[in-house]
Amino acid sequence: MQKPERFKLSPMWWKRAGERILLGIDMRKVLDASDVSLPARAKIGVQQVHDLISEGSGLYDAFRSSGLRLPEELWYLIAAGERGGKTGESMVRLGDCLEEARQRKKQFIGQIWYPLLVIMAGFMVMGIILIWVVPQMRDLTQSFGKDQSLPWITEHIGMLYGSLFSLAFTGFLLIFAMLLMLRHFGRQRIHWAKTGEMIQNWVPLWKAIRFKRREARLLRQLGILLNAGIALPEALSITANSSLDRWEQHQLLQFRKRLLLGSSLLECILAFEFLSPDTRSILSLGQENGQIDRYMLKTADELERNVNWGIQNLFRFLEPLTLLILSVAIGGLVMAYLMPLMGLL
């Protein structure tokens with residue numbers, strides 16, 4: 001059987017489709033009435049979904065089999081809508097999640113362009129000074145018979161900066177390759193996933209942002225599934241299957257196992273290591289009120305706001321740090337240029 005071509009649907013398509021389903025329109029009619037502005041590949045994919053549903057496949061299986069490109073952590077929305085009878089609401093929510101992801105991407109690009117521009121300008125200035133200005137000063141000094149009195153920094157500035165940049169670039173490549181290796185093997189073996197978790201937790205600021213983002217994502221997934229009427233053990237199973245991290249899968253399945261073996265929900269929440277103490281206390285209160293799904297969704301929104309605020313502060317810290325490092329580097333080159341000149345004077 002030929003593998004279907006991959007395609008994706010815009011956030012607006014999901015919102016419109018969900019709103020039509022909420023009006024009582026059949027899913028197949030919604031697919032037939034898809035926007036004519038869809039790309040050719042997306043039209044073919046939507047038609048495949050229509051055919052699979054007509055043959056008796058479920059919505060989740062139809063989208064999976066048709067080659068739809070969707071972030072793995074969002075597939076649970078389709079499953080939750082289908083199982084809980086809230087397909088329209090889930091599709092609207094899916095469109096909102098995709099739109100939020102697009103906005104975060106735009107925000108990230110808007111925040112990162114300035115430091116990148118400063119770094120590029122700094123490297124251009126350093127390249128001009130290192131390649132053209134410093135050699136000119138060496139020649140000028142030697143023409144005055146001062147070749148034996150060149151300062152050490154002027155004589156070896158090229159080798160010094162070349163070594164520093166080579167070490168930095170090599171270190172970056174090694175760290176990047178190590179993270180890719182841990183990510184690849186972490187999806188296959190649990191001990192690799194646990195090792196990757198420990199290594200990433202060594203970086204304090206990254207650890208805090210990553211922990212809160214994952215906590216918000218898990219709470220949102222579980223809250224939406226519970227709100228759709230899915231039992232907590234099944235919601236934990238769906239969330240674990242949508243995760244690409246084996247260590248995260250292991251913790252979710254352990255949560256489910258403890259729950260099925262008779263432990264109370266409060267004990268399971270306290271033993272789940274992906275929750276902060278504040279979140280545990282909030283969920284305990286939600287359990288007492290019988291509205292744990294609402295508490296999960298509310299806590300997830302608050303955590304996401306904190307994560308966005310933390311990322312913004314991180315970029316605010318990186319900008320002056322970048323300027324400081326480039327200023328020191330360019331200052332060293334200017335010193336290598338001025339010291340022979342001071343000797344001549």
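## Cavity

On a 1 Å grid over the protein atoms alone, a cavity is a set of points where a 1.4 Å probe fits but cannot get out, with lining residues having an atom within 4 Å of a point. Points are joined across faces, edges and corners, and a volume is the space filled by probe spheres set on them. By that rule there is one cavity of 30 Å³ or more. This is a predicted model, where local features need pLDDT of at least 70 and side-chain atom pairs count only at pLDDT 80 or more, while totals for chains, interfaces and linings use all residues. Residues are numbered from 1 along each chain as its sequence is written, and side-chain values use heavy atoms, with hydrogens and water left out.

The largest cavity holds about 50 Å³ of space. Its lining is made of Leu218, Leu219, Leu222, Phe255, Ile269, Phe272, Leu275, Leu283 and Met296. Helix H9 (residues 204-227) supplies the largest share, three residues; helices here are DSSP runs of H or I with at least four residues, numbered from the N terminus. By class, the lining comes out as nine nonpolar, no polar and no charged residues (Ala, Val, Leu, Ile, Met, Phe, Trp, Tyr, Cys and Pro are nonpolar, Asp, Glu, Lys and Arg charged, the others, Gly among them, polar).

## Second largest pocket

A pocket, unlike a cavity, is an open set, with protein on both sides within 12 Å along at least five of seven lines. The second largest pocket has a volume of about 510 Å³. It is lined by 19 residues, and Lys8, Leu9, Arg69, Leu98 and Arg102 lie nearest its centre. Helices H1 (11-22), H3 (40-54) and H6 (87-143) are the elements giving two or more residues to this lining, and H6 gives the most, with four. The class split is twelve nonpolar, one polar and six charged.

## Rings and charges

Two rings of Phe, Tyr or Trp (its six-membered ring) pair if their centres lie within 6.5 Å; planes under 30 degrees apart are stacked, over 60 edge-to-face, and the rest tilted. The count comes to seven aromatic pairs. Take Tyr60 and Trp75: their ring centres are 5.7 Å apart and the planes sit at 80 degrees, so the pair is edge-to-face. This pair links distant parts of the chain, with Tyr60 in H4 (residues 59-66) and Trp75 in H5 (residues 75-84), 15 residues apart. Tyr60 is partly exposed at 24% relative accessible area, whereas Trp75 is buried at 3% (buried is under 20%, exposed over 50%, partly exposed in between, using a 1.4 Å probe and protein chains only).

Trp75 has a charge for company too: the charged end of Arg64 sits over its ring, 4.2 Å from the centre (the rule is NZ of Lys or CZ of Arg within 6 Å of the ring centre and within 35 degrees of the ring normal). Arg64 is in H4 and is partly exposed, at 34% relative accessibility.

Arg214 plays a similar part, with its charged end over the ring of Phe274, 4.0 Å from the centre. Both Phe272 and Phe274 are buried.

## Helix H11

H11 (residues 246-260) has 15 residues and should span 21 Å at 1.5 Å a residue; its end C-alpha atoms are 21 Å apart, which agrees. The expected span is 1.5 Å times one less than the number of residues. Its buried residues include Trp247, Glu248 and Phe255. After H11 comes Gly262, with a positive phi near 110 degrees.
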